[in-house]
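Visitor: Could you walk me through how to read a model like this one, feature by feature?
Guide: Gladly; let us put it on the screen and begin with the ligand.

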Amino acid sequence: MPSIGVVGGGIGGLTAALACLHAGLDDITVYEQVTEPEALGAGIQLSPNATRVLIALGLRGALAQAVFQPEGVHLRTWRTGYLVASRPLGAISEARYGAPYWHVHRGDLHALLLDAARARGIRIETGCRCVSAGEDERGPYVELESGTARHDVIVGADGIRSMVRSTVFQSGAPRFTGHVAWRGMVPAAKLPAGFVLPAATVWLGPGRHFVHYYVRGGELINFVGVVETDRWTEESWSRPGDPAALARDFAGWNPVVTRLIEAADEVFEWALYDHEPLPSWSRGGITLLGDACHPMLPYLAQGAAMAIEDAWVLSRMLERWEDLPAEGLAEYERYRRPRTARVQRESRRQGQEFHLPEGWPALRRNFVLALGSRLLPEIAMGQYDWLHGYDCVRGFD
Ligand code: FAD
(Lines give C-alpha, C1' and ligand atoms only; values in the text may rest on other atoms or scores of the structure.)
Protein backbone atom coordinates (compact mmCIF):
# COMPACT_ATOMS: atom_id res chain seq x y z
CA MET A 1 0.00 0.00 0.00
CA PRO A 2 1.75 3.27 -1.05
CA SER A 3 2.16 6.07 1.45
CA ILE A 4 0.78 9.32 0.01
CA GLY A 5 1.89 12.88 0.81
CA VAL A 6 -0.50 15.58 -0.42
CA VAL A 7 0.95 19.11 -0.55
CA GLY A 8 -1.90 21.62 -0.10
CA GLY A 9 -5.03 21.14 1.94
CA GLY A 10 -7.40 23.14 -0.29
CA ILE A 11 -10.47 21.80 -2.06
CA GLY A 12 -8.50 19.45 -4.33
CA GLY A 13 -5.97 18.21 -1.76
CA LEU A 14 -8.58 17.38 0.88
CA THR A 15 -10.86 15.69 -1.67
CA ALA A 16 -7.89 13.65 -2.92
CA ALA A 17 -7.10 12.54 0.63
CA LEU A 18 -10.74 11.54 1.22
CA ALA A 19 -10.96 9.73 -2.13
CA CYS A 20 -7.72 7.80 -1.49
CA LEU A 21 -9.04 6.72 1.89
CA HIS A 22 -12.32 5.69 0.25
CA ALA A 23 -10.28 3.59 -2.22
CA GLY A 24 -8.66 1.75 0.70
CA LEU A 25 -5.34 3.66 0.69
CA ASP A 26 -5.04 4.67 4.29
CA ASP A 27 -1.50 6.02 4.70
CA ILE A 28 -2.14 9.67 3.78
CA THR A 29 -0.64 12.90 5.10
CA VAL A 30 -1.74 16.37 3.98
CA TYR A 31 0.76 19.25 4.35
CA GLU A 32 -0.95 22.66 4.43
CA GLN A 33 0.91 25.97 4.74
CA VAL A 34 -1.84 27.76 6.65
CA THR A 35 -1.81 27.20 10.41
CA GLU A 36 -5.56 27.35 10.98
CA PRO A 37 -7.59 27.52 7.80
CA GLU A 38 -10.09 30.40 7.81
CA ALA A 39 -13.33 30.71 5.82
CA LEU A 40 -11.63 32.50 2.92
CA GLY A 41 -13.04 32.98 -0.52
CA ALA A 42 -16.52 33.52 -1.77
CA GLY A 43 -18.95 31.46 -3.83
CA ILE A 44 -18.11 28.33 -5.76
CA GLN A 45 -20.35 26.47 -8.16
CA LEU A 46 -20.48 22.71 -7.91
CA SER A 47 -21.89 21.14 -11.05
CA PRO A 48 -23.09 17.50 -11.17
CA ASN A 49 -19.74 16.22 -12.44
CA ALA A 50 -18.31 17.32 -9.06
CA THR A 51 -21.24 16.76 -6.71
CA ARG A 52 -21.43 13.09 -7.70
CA VAL A 53 -17.88 12.67 -6.34
CA LEU A 54 -18.66 14.46 -3.08
CA ILE A 55 -21.80 12.35 -2.70
CA ALA A 56 -19.83 9.14 -3.37
CA LEU A 57 -17.52 10.24 -0.55
CA GLY A 58 -20.50 10.27 1.82
CA LEU A 59 -20.76 14.07 2.11
CA ARG A 60 -24.30 14.67 0.85
CA GLY A 61 -25.84 15.03 4.29
CA ALA A 62 -23.25 17.53 5.50
CA LEU A 63 -23.34 19.51 2.25
CA ALA A 64 -27.12 19.74 2.20
CA GLN A 65 -26.89 22.08 5.21
CA ALA A 66 -24.43 24.41 3.47
CA VAL A 67 -25.44 24.64 -0.16
CA PHE A 68 -28.08 26.39 -2.24
CA GLN A 69 -29.74 24.61 -5.15
CA PRO A 70 -30.46 27.19 -7.89
CA GLU A 71 -33.53 26.88 -10.10
CA GLY A 72 -31.66 27.78 -13.25
CA VAL A 73 -29.12 29.96 -15.05
CA HIS A 74 -30.29 33.29 -16.49
CA LEU A 75 -28.32 35.35 -19.01
CA ARG A 76 -29.39 39.00 -19.08
CA THR A 77 -28.28 42.16 -20.81
CA TRP A 78 -26.33 44.52 -18.59
CA ARG A 79 -28.58 47.58 -18.64
CA THR A 80 -32.21 46.64 -19.36
CA GLY A 81 -31.98 43.16 -17.83
CA TYR A 82 -33.61 41.60 -20.88
CA LEU A 83 -33.61 37.83 -20.39
CA VAL A 84 -31.52 36.63 -23.31
CA ALA A 85 -31.56 32.94 -22.40
CA SER A 86 -32.18 30.60 -19.50
CA ARG A 87 -31.44 26.99 -18.69
CA PRO A 88 -33.06 24.96 -15.91
CA LEU A 89 -30.97 23.59 -13.06
CA GLY A 90 -32.71 22.33 -9.88
CA ALA A 91 -34.72 19.12 -10.23
CA ILE A 92 -34.54 19.07 -14.05
CA SER A 93 -30.75 19.13 -14.08
CA GLU A 94 -30.58 16.59 -11.25
CA ALA A 95 -32.85 14.19 -13.17
CA ARG A 96 -30.79 14.62 -16.34
CA TYR A 97 -27.38 14.12 -14.75
CA GLY A 98 -28.17 12.03 -11.70
CA ALA A 99 -26.55 14.50 -9.31
CA PRO A 100 -27.46 18.01 -8.10
CA TYR A 101 -26.11 21.42 -9.12
CA TRP A 102 -25.14 23.35 -6.00
CA HIS A 103 -23.77 26.73 -5.01
CA VAL A 104 -21.65 26.90 -1.88
CA HIS A 105 -19.43 29.32 0.02
CA ARG A 106 -15.86 28.13 -0.54
CA GLY A 107 -15.17 28.53 3.18
CA ASP A 108 -18.12 26.25 4.05
CA LEU A 109 -17.01 23.58 1.56
CA HIS A 110 -13.44 23.78 2.78
CA ALA A 111 -14.45 23.50 6.46
CA LEU A 112 -16.66 20.54 5.70
CA LEU A 113 -13.91 18.68 3.81
CA LEU A 114 -11.43 19.42 6.59
CA ASP A 115 -13.81 18.15 9.28
CA ALA A 116 -14.51 14.98 7.27
CA ALA A 117 -10.80 14.34 6.69
CA ARG A 118 -9.98 14.82 10.39
CA ALA A 119 -12.94 12.71 11.51
CA ARG A 120 -11.83 9.89 9.22
CA GLY A 121 -8.31 9.87 10.65
CA ILE A 122 -6.37 11.52 7.81
CA ARG A 123 -3.21 13.22 9.10
CA ILE A 124 -3.34 16.96 8.41
CA GLU A 125 -0.12 18.81 9.16
CA THR A 126 -0.95 22.51 9.22
CA GLY A 127 1.59 25.34 9.27
CA CYS A 128 3.72 23.18 6.94
CA ARG A 129 4.92 25.13 3.94
CA CYS A 130 6.49 23.20 1.08
CA VAL A 131 9.53 24.89 -0.46
CA SER A 132 10.39 22.24 -3.05
CA ALA A 133 9.86 18.64 -4.06
CA GLY A 134 11.84 16.06 -5.99
CA GLU A 135 12.83 12.44 -6.32
CA ASP A 136 16.22 10.82 -5.57
CA GLU A 137 17.49 7.26 -5.24
CA ARG A 138 15.40 6.84 -2.07
CA GLY A 139 12.21 7.96 -3.83
CA PRO A 140 9.98 11.05 -3.84
CA TYR A 141 10.37 13.70 -1.15
CA VAL A 142 8.99 17.06 -0.21
CA GLU A 143 11.06 19.77 1.46
CA LEU A 144 9.04 21.55 4.10
CA GLU A 145 10.22 24.57 6.06
CA SER A 146 10.30 22.18 9.05
CA GLY A 147 12.29 19.38 7.35
CA THR A 148 12.05 16.66 4.72
CA ALA A 149 9.13 14.24 4.35
CA ARG A 150 9.26 11.11 2.20
CA HIS A 151 6.37 9.19 0.67
CA ASP A 152 5.89 6.69 -2.16
CA VAL A 153 3.67 9.25 -3.87
CA ILE A 154 3.73 13.06 -3.65
CA VAL A 155 0.67 14.95 -4.93
CA GLY A 156 1.14 18.69 -5.53
CA ALA A 157 -2.31 20.13 -4.80
CA ASP A 158 -0.84 23.47 -3.78
CA GLY A 159 -2.85 25.72 -6.05
CA ILE A 160 -2.02 28.18 -8.80
CA ARG A 161 1.35 29.18 -7.28
CA SER A 162 2.37 25.54 -6.80
CA MET A 163 5.88 25.00 -5.44
CA VAL A 164 5.73 21.36 -6.49
CA ARG A 165 5.01 22.43 -10.08
CA SER A 166 7.69 25.09 -10.20
CA THR A 167 10.43 22.95 -8.64
CA VAL A 168 9.68 19.57 -10.25
CA PHE A 169 8.36 20.67 -13.63
CA GLN A 170 10.16 24.06 -13.98
CA SER A 171 7.05 25.41 -15.61
CA GLY A 172 7.37 29.18 -15.29
CA ALA A 173 4.91 31.49 -13.59
CA PRO A 174 1.18 31.85 -14.28
CA ARG A 175 0.31 34.88 -16.43
CA PHE A 176 -2.11 37.71 -15.82
CA THR A 177 -5.08 37.37 -18.16
CA GLY A 178 -6.04 41.07 -18.15
CA HIS A 179 -9.22 40.18 -16.24
CA VAL A 180 -9.86 41.31 -12.68
CA ALA A 181 -12.74 39.94 -10.61
CA TRP A 182 -14.48 41.89 -7.87
CA ARG A 183 -16.06 39.64 -5.25
CA GLY A 184 -18.52 40.34 -2.48
CA MET A 185 -21.15 38.73 -0.27
CA VAL A 186 -24.44 40.35 0.74
CA PRO A 187 -26.79 39.03 3.44
CA ALA A 188 -30.05 38.26 1.62
CA ALA A 189 -31.96 39.95 4.47
CA LYS A 190 -30.50 43.33 3.40
CA LEU A 191 -32.54 43.28 0.17
CA PRO A 192 -36.30 43.05 -0.35
CA ALA A 193 -37.56 39.45 -0.61
CA GLY A 194 -37.62 38.31 -4.24
CA PHE A 195 -35.41 41.17 -5.43
CA VAL A 196 -32.73 38.63 -6.39
CA LEU A 197 -34.15 35.54 -8.07
CA PRO A 198 -33.06 32.06 -6.92
CA ALA A 199 -31.05 31.48 -10.09
CA ALA A 200 -27.44 31.95 -11.12
CA THR A 201 -27.67 35.20 -13.07
CA VAL A 202 -25.07 36.44 -15.53
CA TRP A 203 -25.35 40.08 -16.71
CA LEU A 204 -23.54 40.50 -20.03
CA GLY A 205 -21.84 43.78 -20.90
CA PRO A 206 -19.11 44.96 -23.24
CA GLY A 207 -15.71 43.99 -21.82
CA ARG A 208 -17.24 42.93 -18.51
CA HIS A 209 -19.88 40.79 -16.85
CA PHE A 210 -21.47 40.36 -13.44
CA VAL A 211 -22.63 37.09 -11.84
CA HIS A 212 -24.62 36.49 -8.66
CA TYR A 213 -26.15 33.54 -6.86
CA TYR A 214 -27.23 32.48 -3.39
CA VAL A 215 -25.08 30.34 -1.06
CA ARG A 216 -25.46 29.00 2.50
CA GLY A 217 -29.06 27.87 2.12
CA GLY A 218 -30.05 31.27 0.70
CA GLU A 219 -28.65 33.31 3.61
CA LEU A 220 -26.00 35.06 1.50
CA ILE A 221 -25.81 36.34 -2.05
CA ASN A 222 -22.41 35.93 -3.67
CA PHE A 223 -21.42 38.23 -6.52
CA VAL A 224 -18.49 38.42 -8.90
CA GLY A 225 -17.98 41.28 -11.34
CA VAL A 226 -15.29 40.74 -13.96
CA VAL A 227 -13.69 43.60 -15.88
CA GLU A 228 -11.05 43.62 -18.57
CA THR A 229 -8.27 45.96 -17.52
CA ASP A 230 -4.54 46.44 -17.53
CA ARG A 231 -4.53 48.41 -14.29
CA TRP A 232 -3.35 45.74 -11.90
CA THR A 233 -1.53 42.42 -11.91
CA GLU A 234 -1.45 40.99 -8.38
CA GLU A 235 -3.05 37.61 -7.68
CA SER A 236 -4.59 37.10 -4.23
CA TRP A 237 -7.83 35.69 -2.83
CA SER A 238 -8.06 38.12 0.03
CA ARG A 239 -6.99 41.55 -1.20
CA PRO A 240 -9.59 44.10 -0.08
CA GLY A 241 -10.88 46.31 -2.88
CA ASP A 242 -12.31 49.82 -3.01
CA PRO A 243 -16.15 49.68 -3.13
CA ALA A 244 -16.22 53.07 -4.90
CA ALA A 245 -14.00 51.73 -7.70
CA LEU A 246 -16.26 48.70 -8.04
CA ALA A 247 -19.32 50.98 -8.23
CA ARG A 248 -17.58 53.01 -10.95
CA ASP A 249 -16.81 49.86 -12.96
CA PHE A 250 -20.53 48.96 -13.00
CA ALA A 251 -22.07 52.45 -13.07
CA GLY A 252 -25.22 52.58 -15.20
CA TRP A 253 -25.82 48.81 -14.94
CA ASN A 254 -29.18 47.31 -14.07
CA PRO A 255 -30.47 48.26 -10.57
CA VAL A 256 -30.16 44.64 -9.39
CA VAL A 257 -26.41 44.87 -10.00
CA THR A 258 -25.95 48.33 -8.52
CA ARG A 259 -28.08 47.54 -5.43
CA LEU A 260 -26.03 44.42 -4.76
CA ILE A 261 -22.82 46.42 -5.00
CA GLU A 262 -24.17 49.12 -2.66
CA ALA A 263 -25.25 46.47 -0.12
CA ALA A 264 -21.80 44.82 0.20
CA ASP A 265 -19.92 45.82 3.36
CA GLU A 266 -16.57 44.78 1.95
CA VAL A 267 -15.36 43.77 -1.48
CA PHE A 268 -12.28 41.93 -2.71
CA GLU A 269 -10.27 42.25 -5.88
CA TRP A 270 -8.92 39.11 -7.45
CA ALA A 271 -6.67 39.24 -10.51
CA LEU A 272 -7.29 36.27 -12.78
CA TYR A 273 -4.26 34.27 -13.84
CA ASP A 274 -3.91 31.22 -15.95
CA HIS A 275 -1.13 29.06 -17.29
CA GLU A 276 -0.42 27.42 -20.61
CA PRO A 277 -1.34 23.72 -20.44
CA LEU A 278 1.69 21.80 -19.14
CA PRO A 279 3.34 19.28 -21.48
CA SER A 280 3.25 16.81 -18.56
CA TRP A 281 2.44 16.87 -14.87
CA SER A 282 3.52 13.44 -13.55
CA ARG A 283 7.08 12.25 -13.15
CA GLY A 284 8.00 9.06 -11.29
CA GLY A 285 6.19 9.17 -7.96
CA ILE A 286 5.21 12.86 -8.18
CA THR A 287 2.10 14.35 -9.73
CA LEU A 288 -0.04 17.50 -9.66
CA LEU A 289 -3.75 18.10 -9.17
CA GLY A 290 -6.25 20.97 -9.53
CA ASP A 291 -5.04 24.55 -10.03
CA ALA A 292 -1.43 23.41 -9.65
CA CYS A 293 -1.59 21.76 -13.09
CA HIS A 294 -4.52 23.37 -14.94
CA PRO A 295 -5.52 26.78 -13.54
CA MET A 296 -8.41 28.15 -15.54
CA LEU A 297 -10.57 31.23 -15.94
CA PRO A 298 -13.74 30.87 -13.88
CA TYR A 299 -16.28 31.41 -16.70
CA LEU A 300 -17.49 27.83 -16.83
CA ALA A 301 -17.32 27.66 -13.02
CA GLN A 302 -15.13 24.56 -13.16
CA GLY A 303 -12.01 25.33 -11.07
CA ALA A 304 -13.16 23.40 -8.02
CA ALA A 305 -15.03 20.81 -10.08
CA MET A 306 -11.91 19.86 -12.06
CA ALA A 307 -9.87 19.50 -8.87
CA ILE A 308 -12.60 17.27 -7.42
CA GLU A 309 -12.74 15.09 -10.56
CA ASP A 310 -8.91 14.86 -10.54
CA ALA A 311 -9.02 13.69 -6.93
CA TRP A 312 -11.38 10.81 -7.67
CA VAL A 313 -9.54 9.61 -10.80
CA LEU A 314 -6.17 9.83 -9.04
CA SER A 315 -7.40 7.73 -6.13
CA ARG A 316 -8.78 5.04 -8.47
CA MET A 317 -5.53 4.89 -10.42
CA LEU A 318 -3.48 4.55 -7.25
CA GLU A 319 -5.81 1.79 -6.11
CA ARG A 320 -5.49 0.01 -9.47
CA TRP A 321 -1.68 0.33 -9.51
CA GLU A 322 -1.14 -0.18 -5.80
CA ASP A 323 2.25 -1.89 -6.31
CA LEU A 324 3.43 0.39 -9.13
CA PRO A 325 2.25 3.87 -8.16
CA ALA A 326 4.29 5.63 -10.88
CA GLU A 327 2.23 3.74 -13.48
CA GLY A 328 -0.94 4.85 -11.71
CA LEU A 329 0.17 8.49 -11.83
CA ALA A 330 1.03 8.30 -15.54
CA GLU A 331 -2.38 6.80 -16.26
CA TYR A 332 -4.13 9.42 -14.11
CA GLU A 333 -2.47 12.15 -16.16
CA ARG A 334 -3.39 10.42 -19.41
CA TYR A 335 -7.07 10.44 -18.45
CA ARG A 336 -7.17 13.92 -17.04
CA ARG A 337 -5.09 15.99 -19.46
CA PRO A 338 -7.43 16.09 -22.48
CA ARG A 339 -10.52 16.89 -20.41
CA THR A 340 -8.94 19.59 -18.28
CA ALA A 341 -7.26 21.19 -21.35
CA ARG A 342 -10.67 21.33 -23.05
CA VAL A 343 -12.23 22.99 -20.01
CA GLN A 344 -9.34 25.51 -19.89
CA ARG A 345 -9.90 26.37 -23.57
CA GLU A 346 -13.69 26.52 -23.32
CA SER A 347 -13.53 28.73 -20.22
CA ARG A 348 -11.42 31.24 -22.13
CA ARG A 349 -13.82 31.14 -25.08
CA GLN A 350 -16.82 31.63 -22.78
CA GLY A 351 -15.18 34.78 -21.36
CA GLN A 352 -14.73 36.23 -24.88
CA GLU A 353 -18.37 35.51 -25.66
CA PHE A 354 -19.58 37.12 -22.42
CA HIS A 355 -17.57 40.29 -23.14
CA LEU A 356 -18.46 40.92 -26.80
CA PRO A 357 -18.71 44.62 -27.74
CA GLU A 358 -22.10 46.29 -28.14
CA GLY A 359 -23.62 46.36 -31.60
CA TRP A 360 -23.60 43.54 -34.08
CA PRO A 361 -21.34 41.06 -32.16
CA ALA A 362 -23.50 41.19 -29.00
CA LEU A 363 -26.76 41.22 -30.99
CA ARG A 364 -25.73 38.14 -32.95
CA ARG A 365 -24.70 36.31 -29.74
CA ASN A 366 -27.99 37.24 -28.05
CA PHE A 367 -30.03 36.15 -31.05
CA VAL A 368 -28.36 32.72 -31.17
CA LEU A 369 -28.69 32.22 -27.41
CA ALA A 370 -32.33 33.32 -27.38
CA LEU A 371 -33.22 31.09 -30.29
CA GLY A 372 -31.61 28.06 -28.66
CA SER A 373 -33.14 28.70 -25.27
CA ARG A 374 -36.69 29.34 -26.54
CA LEU A 375 -37.05 27.11 -29.60
CA LEU A 376 -34.51 24.35 -29.03
CA PRO A 377 -34.17 24.06 -25.24
CA GLU A 378 -33.18 20.40 -25.38
CA ILE A 379 -30.29 21.19 -27.72
CA ALA A 380 -29.28 24.23 -25.67
CA MET A 381 -29.15 22.11 -22.51
CA GLY A 382 -27.39 19.25 -24.29
CA GLN A 383 -24.43 21.58 -24.98
CA TYR A 384 -23.41 21.05 -21.36
CA ASP A 385 -23.69 17.26 -21.35
CA TRP A 386 -19.97 16.77 -22.04
CA LEU A 387 -19.21 18.88 -18.98
CA HIS A 388 -21.90 18.15 -16.41
CA GLY A 389 -22.71 14.61 -17.52
CA TYR A 390 -19.14 13.36 -17.01
CA ASP A 391 -19.33 10.58 -14.46
CA CYS A 392 -15.91 9.57 -13.20
CA VAL A 393 -17.47 7.69 -10.28
CA ARG A 394 -19.10 5.22 -12.65
CA GLY A 395 -15.90 4.82 -14.66
CA PHE A 396 -13.56 6.57 -17.06
CA ASP A 397 -12.17 3.85 -19.31
P1 FAD B 1 -6.78 25.71 -3.82
O2 FAD B 1 -8.18 25.52 -3.36
O3 FAD B 1 -6.27 27.04 -4.16
O4 FAD B 1 -5.89 25.06 -2.66
C5 FAD B 1 -4.47 25.11 -2.62
C6 FAD B 1 -4.05 24.88 -1.18
O7 FAD B 1 -2.64 24.70 -1.14
C8 FAD B 1 -4.38 26.03 -0.26
O9 FAD B 1 -4.96 25.54 0.92
C10 FAD B 1 -3.02 26.67 0.00
O11 FAD B 1 -2.96 27.30 1.27
C12 FAD B 1 -2.10 25.47 -0.08
N13 FAD B 1 -0.72 25.80 -0.43
C14 FAD B 1 -0.31 26.66 -1.38
N15 FAD B 1 1.04 26.68 -1.44
C16 FAD B 1 1.50 25.82 -0.49
C17 FAD B 1 2.79 25.41 -0.07
N18 FAD B 1 3.90 25.90 -0.65
N19 FAD B 1 2.89 24.49 0.91
C20 FAD B 1 1.77 23.96 1.50
N21 FAD B 1 0.50 24.34 1.14
C22 FAD B 1 0.37 25.24 0.15
N23 FAD B 1 -12.30 30.01 -6.36
C24 FAD B 1 -13.49 30.56 -6.67
O25 FAD B 1 -14.05 30.20 -7.72
N26 FAD B 1 -14.09 31.50 -5.87
C27 FAD B 1 -13.50 31.89 -4.70
O28 FAD B 1 -14.05 32.73 -4.00
C29 FAD B 1 -12.24 31.33 -4.34
N30 FAD B 1 -11.64 31.69 -3.19
C31 FAD B 1 -10.47 31.10 -2.84
C32 FAD B 1 -9.88 31.44 -1.62
C33 FAD B 1 -8.66 30.86 -1.22
C34 FAD B 1 -8.04 31.26 0.08
C35 FAD B 1 -8.02 29.90 -2.07
C36 FAD B 1 -6.72 29.24 -1.64
C37 FAD B 1 -8.61 29.55 -3.29
C38 FAD B 1 -9.84 30.14 -3.69
N39 FAD B 1 -10.48 29.81 -4.88
C40 FAD B 1 -11.67 30.36 -5.21
C41 FAD B 1 -9.87 28.87 -5.82
C42 FAD B 1 -10.50 27.54 -5.78
O43 FAD B 1 -10.52 27.05 -4.46
C44 FAD B 1 -9.69 26.66 -6.67
O45 FAD B 1 -9.68 27.19 -7.99
C46 FAD B 1 -10.24 25.28 -6.82
O47 FAD B 1 -10.94 24.88 -5.68
C48 FAD B 1 -9.14 24.29 -7.12
O49 FAD B 1 -8.63 23.82 -5.88
P50 FAD B 1 -7.13 23.47 -5.56
O51 FAD B 1 -7.18 22.52 -4.42
O52 FAD B 1 -6.40 23.06 -6.79
O53 FAD B 1 -6.49 24.82 -5.09
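Visitor: Which atom of the ligand lies 2.9 Å from a backbone N or O atom of Cys 130?
Guide: The general idea is the polar contact, a pair of N or O atoms within 3.5 Å; within protein, one must be able to donate a hydrogen and the other to accept it, and residues adjacent in sequence count only if both atoms are side-chain atoms. Here, the partner of the Cys 130 backbone is a nitrogen atom of the ligand. Before we go on, two notes on the source: this is a predicted model, where local features need pLDDT of at least 70, side-chain atom pairs count only at pLDDT 80 or more, and totals for chains, interfaces and linings use all residues. Residues are numbered from 1 along each chain as its sequence is written, and side-chain values use heavy atoms, with hydrogens and water left out.

Visitor: Which residues lie 2.6 Å and 2.7 Å from oxygen atoms of the ligand?
Guide: Ala 42 uses a backbone N or O atom at 2.6 Å. Arg 106 uses an N or O atom of its side chain at 2.7 Å. As for coverage, the ligand taken alone exposes 920 Å², and the protein buries 89% of that (areas come from the Shrake-Rupley method with a 1.4 Å probe; for residues, only the protein chains shown count as cover).

Visitor: Which elements give two or more residues to the shell around the ligand?
Guide: They are α1 (11-22), β2 (28-32), β3 (43-46) and α9 (303-320). Helices (H or I, at least four residues) and strands (E, at least two) are DSSP runs, numbered from the N terminus.

Visitor: How many residues are around the ligand, and which come nearest?
Guide: A residue is near a molecule or strand if one of its heavy atoms lies within 4 Å of it. There are 31 around this ligand, and Gly 12, Glu 32, Ala 42, Arg 106 and Asp 291 come nearest. By class, the shell has 14 nonpolar, eleven polar and six charged residues. In that scheme Ala, Val, Leu, Ile, Met, Phe, Trp, Tyr, Cys and Pro count as nonpolar, Asp, Glu, Lys and Arg as charged, and the others, Gly among them, as polar.

Visitor: How many disulfides does the structure hold?
Guide: A disulfide is a covalent bond between the sulfur atoms of two cysteines. The test applied is a pair of cysteine sulfur atoms within 2.5 Å, and the structure holds zero disulfides.

Visitor: Why is there no bond for Cys 128?
Guide: Its sulfur is too far for a bond, because the closest cysteine sulfur, in Cys 130, is 10.0 Å away. Likewise, the sulfur of Cys 392 is 13 Å from the closest cysteine sulfur, in Cys 20, too far for a bond.

Visitor: Is Cys 392 buried or exposed?
Guide: Buried means under 20% relative accessible area, exposed over 50%, and partly exposed in between (1.4 Å probe, protein chains only). Cys 392 is buried at 1% relative accessibility, and Cys 128 is buried at 12%.

Visitor: What does Asp 310 touch?
Guide: Contact means heavy atoms within 4.5 Å. Leaving out residues up to four places away in sequence, Asp 310 touches Leu 289, Gly 290, Cys 293, His 294, Tyr 332, Arg 336 and Thr 340. Asp 310 lies in helix α9 and is buried, with a relative accessible area of 0%. Its side chain also makes a polar contact of 2.6 Å with the side chain of Arg 336.

Visitor: Where is Phe 354, and what is its separation from Arg 208?
Guide: Phe 354 sits in helix α10. Phe 354 and Arg 208 are 146 residues apart in sequence and 7.4 Å apart in space, C-alpha to C-alpha. Among the residues that Phe 354 touches is Val 202, which belongs to strand β13 (residues 200-205). Phe 354 is buried at 8% relative accessibility, and Val 202 is buried at 8%.

Visitor: What is the phi of Arg 216?
Guide: Most residues other than glycine have a negative phi. Arg 216 has a positive phi of about 50° although it is not a glycine. Arg 216 lies in the loop between β14 (208-215) and β15 (220-228) and is partly exposed at 28% relative accessibility. Ala 301 has a positive phi too, of about 55°, and lies in the loop between β19 (286-288) and α9.
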